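Biologist: I'd like to go through this model with you and ask how each description is justified. Could we have it on screen?

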Protein chains: 2
Amino acid sequence: MINLEKMGAAAQTATLEMSRANTDIKNVALQAIADGLVSSEKDILTANKRDAEAGRRHGLSNALIDRLTLTSKSLLGMAADVRSIAALPDPIGETFDERVLPNGLRLRRQRVPIGVLGVIYESRPNVTIDVSALAVKTGNAALLRGGSETIHSNLALVQIVQRALQQANLPQSVVQFIADTDRKYVSELLRLHDFVEMIIPRGGNSLHRFCRENSSIPVLTGGIGVCHLYVDTSADLAAALPVIENAKVQRPSVCNALDTLLINRSVATELLPQVVARLGHLGVTFRAEPRTISALQGTTRNLVESKVIPAGPDDFDTEWLSLVLSLKVVDDLDEAIDHIGTHGTSHSDGILTETDSHAQRFVNEVDAAAVYVNASTRFTDGAQFGLGAEVAVSTQRLHARGPMGLPELTTYKWVVRGDYTTRS
Amino acid sequence: MINLEKMGAAAQTATLEMSRANTDIKNVALQAIADGLVSSEKDILTANKRDAEAGRRHGLSNALIDRLTLTSKSLLGMAADVRSIAALPDPIGETFDERVLPNGLRLRRQRVPIGVLGVIYESRPNVTIDVSALAVKTGNAALLRGGSETIHSNLALVQIVQRALQQANLPQSVVQFIADTDRKYVSELLRLHDFVEMIIPRGGNSLHRFCRENSSIPVLTGGIGVCHLYVDTSADLAAALPVIENAKVQRPSVCNALDTLLINRSVATELLPQVVARLGHLGVTFRAEPRTISALQGTTRNLVESKVIPAGPDDFDTEWLSLVLSLKVVDDLDEAIDHIGTHGTSHSDGILTETDSHAQRFVNEVDAAAVYVNASTRFTDGAQFGLGAEVAVSTQRLHARGPMGLPELTTYKWVVRGDYTTRS
């Protein structure tokens, strides 16, 4: 019988100890996690096989089976990620905003762990290790709730984490796994506000919505992006093409991949046929408005007929996560900004332009976590931004926006030192 | 009939315009609010009188009537506060964390408004003006829900704000007031996550709890403090006394006032009688544990008998907001830290000591928004910290902790500029 209150209380106690643990000890635990992933490969892969077999029995799609399957190689990759988190600077204890007030008080902010994180995720078992490693490094504790489809893998991975914590003389309750897949525990976790400070859902739209609507704890939503690029009149079209290709094709299954290409009408007849030809040959299919289709007259008829479909009513609100691209011709910058305001998800949007005032307006008026000028949207990522690692890409507005690295998993306390100072 | 969805949508549209408004225009609106408070004094005071009379008819306590009553003087004070917010630097547009990545991408974070704030408050009508001014300055919009006991005052004040917005050519829907006092609108506001980004409750514990438990929007709780000072063995006792007095007596009705004094047993018999004598003469009464009472043998018997009551079971968890002080003798620093961990509310706690290692441990191990060494707890305040103004003192851990000034009412976007840069 699972007692979430007890788990929460244990996690809260563990964070106290973690907030006092020095960097070396936390890194010992991280190295031990990495070592465990390698030395326990056999156990993990056996557990993972059970999940995959159960998945097949329950009729999970091949894509899902693929997503949950671990290999020797992916375990090595996970171990390498954990070691790179160990190598990152420890944000805890860092001080900032130091100042001396006129009355002599010395004031500063000091980074401290947030506390207990509740993480609810689906399919990918690597999240178990990612979140554990980020939590350990930042002195937080985590209550993990993985999907039923990866229960055996997750249990094997959590065991490695807890063994590593023990080796570092840190409390095992720093990382706890909710081992019962009954959905009621998700709802219970979302009401555990006496112990849990932040809920991080990692999964689809419906999971995010469920968390937001049923949680009494702040929910860090994100990871869902309908991403745009707008090609302005002055863009260097030859240079724009590889950026569009990169944003759409380099890794279409992720949240920062391009979903909608907006093209200024002045360059549409020149650029659109090239986009359809170049990306079409890479397997991309297109959803286009009538006006866009007529701008495609310069393209080989066969290519258009086989690749371009008239856009349906929801297409411009769809995160494709695959080799599909929505196309729209717009009159001007205003229409592009308006379109993004209506259909965007505040994730990653960019402009390709040589006109500085347009770049400036786009940056100021497009309300996304990451706004790009002359770059691919694919950069919205903790590692790409030089943050080292990320727990999620936040598309909500409180606490942190965009890639959440180690500092975003901390909060601060104000430290005030005086000389028996009183307020007058 | 009030349509909160409509109000929310109008507020969201208004934030778009506000995020583009320059500092001068926002300051024009702020000056107009200040002017309006002075020139419309008669209307405001008439409306306020209606609230006070209704309050008396409904049997409101004198303290509550007092709290809601406005005067010429308090209106002048409110106007001065608004002008000082106008004089503060505008955080919007400020950039930070600029860097150039190895691939040439130029990355920075740029401060932007949070969006629509939902503010739920009781009694004090000045909150209407405070929040409006802070929202205007930071380019946010606000949906205000004041208590029924100040409905006429709030309506008069909101009219002044909206007139000022109009004068500055800013949309009036930047500040909207929910004019129906039916409680169902509070619940509705708490579920308006499609439009509202943050809920700020200003009121007692039960309001905070209600918001947290019924909101699908992140709730910024705070403003409730069971505050501690711990007098360590090495403290300069003569210097400690004025600090204890200041923390307890200077303004007992506020959240950063002292609630519990912890005294190391080695100095208890020397210090306690002085505390009881000095603060007792200023009207303070005490709740003390048996061990503390026996340490008071050096005090005039009459004073102890008239002022010191044995502590009840909840006394150490009580925010007194009045001239009451809990007293406890502790064995050592560990017991002090443990006591604060168990009974504190993570608001403001301090140590008085000459031992640097003890100060260090206290700072690291006490988990409060503001941790003090040799200073009064009364400094936890936006103005005192040099932040200029505050919308609340946050005691939760996400987004902001402690006094929330203008920057804490903002979020940021990542701005990335490249040269048609692609991810490899």
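Biologist: Thanks! What makes strand 16 of chain A and strand 13 of chain B a pair, and in which sense do they run?

Modeller: Keep in mind that this is a predicted model. Strand 16 of chain A is joined to strand 13 of chain B by 5 bridges, and the two run parallel. Pairing asks for at least two bridges, so with 5 bridges these strands count as paired. One place to look is Val415(A), whose bridge partner in strand 13 of chain B is Val371(B).

Biologist: Which strand of chain B also pairs with strand 13 of chain B?

Modeller: That is strand 12 (residues 348-352) of chain B, joined to strand 13 of chain B by 4 bridges in a parallel arrangement. There, Gly350(B) stands opposite Tyr372(B).

Biologist: Why is strand 13 of chain B called mostly covered?

Modeller: A residue is buried if 20 or more other C-beta atoms lie within 10 Å of its own. In strand 13 (residues 370-375) of chain B, 6 of 6 residues are buried, so "mostly covered" is the fitting description.

Biologist: How do you know which strands are the edges of the open sheet that begins with strand 10 of chain A?

Modeller: The order of its 10 strands is 10(A)-9(A)-11(A)-8(A)-7(A)-12(A)-13(A)-16(B)-2(B)-1(B), with mixed pairing. Strand 10 (308-310) of chain A and strand 1 (95-100) of chain B each pair on one side only, and they are the edge strands. On average, neighbouring strands are turned by 25 degrees against each other, direction ignored.

Biologist: What joins strand 13 of chain A to strand 16 of chain B in that sheet?

Modeller: Strand 13 (residues 370-375) of chain A and strand 16 (residues 410-421) of chain B run parallel and share 5 bridges. Ala370(A) stands opposite Trp414(B), and Val371(A) has Val415(B) as its bridge partner.

Biologist: Which strands pair with strand 11 of chain A, and is strand 11 covered or not?

Modeller: Strand 8 of chain A pairs with strand 11 of chain A in the parallel sense over 5 bridges, with Leu262(A) partnered by Lys328(A). Strand 9 of chain A is joined to strand 11 of chain A by 4 bridges, also running parallel, and Arg287(A) stands opposite Ser326(A). Strand 11 of chain A is mostly covered, with 6 of its 7 residues buried.

Biologist: How many residues of each chain are in contact with the other, and what makes up the side of chain A?

Modeller: On chain A, 56 residues are in contact with 56 residues of chain B. Helix 9 (205-214), helix 10 (237-249), helix 15 (356-365), strand 13 and strand 16 (410-421) of chain A each supply at least two residues of that side. Strand 16 of chain A gives the most, with 11 residues. By class, the side of chain A has 26 nonpolar, 16 polar and 14 charged residues.

Biologist: Why is helix 2 of chain B called oblique to helix 7 of chain B?

Modeller: The axes of helix 2 (residues 23-39) of chain B and helix 7 (residues 151-167) of chain B come within 8 Å and cross at roughly 140 degrees. Roughly antiparallel needs an angle over 145 and roughly perpendicular one of 65 to 115, so helix 2 of chain B is oblique to helix 7 of chain B. The crossing is right-handed. Among the contact residues are Ala29(B) and Gly36(B) of helix 2 of chain B, and Ile160(B) and Arg163(B) of helix 7 of chain B. This contact has 8 nonpolar, 2 polar and 1 charged residues.

Terms used. Residues numbered from 1 in each chain as written. Chains lettered and ligands numbered in written order. Predicted model: local features only at pLDDT ≥ 70, side-chain atom pairs only at ≥ 80, totals over all residues. Axes fitted to C-alpha atoms, helices over the stretch in contact; angles between N-to-C directions. Buried ≥ 20, exposed ≤ 12 C-beta atoms within 10 Å, placed from the backbone. Contact = placed C-beta atoms within 7 Å. Nonpolar A, V, L, I, M, F, W, Y, C, P; charged D, E, K, R; others polar. Parallel < 35°, antiparallel > 145°, perpendicular 65-115°, else oblique. Left-handed = near helix turned anticlockwise from the far one by under 90°.
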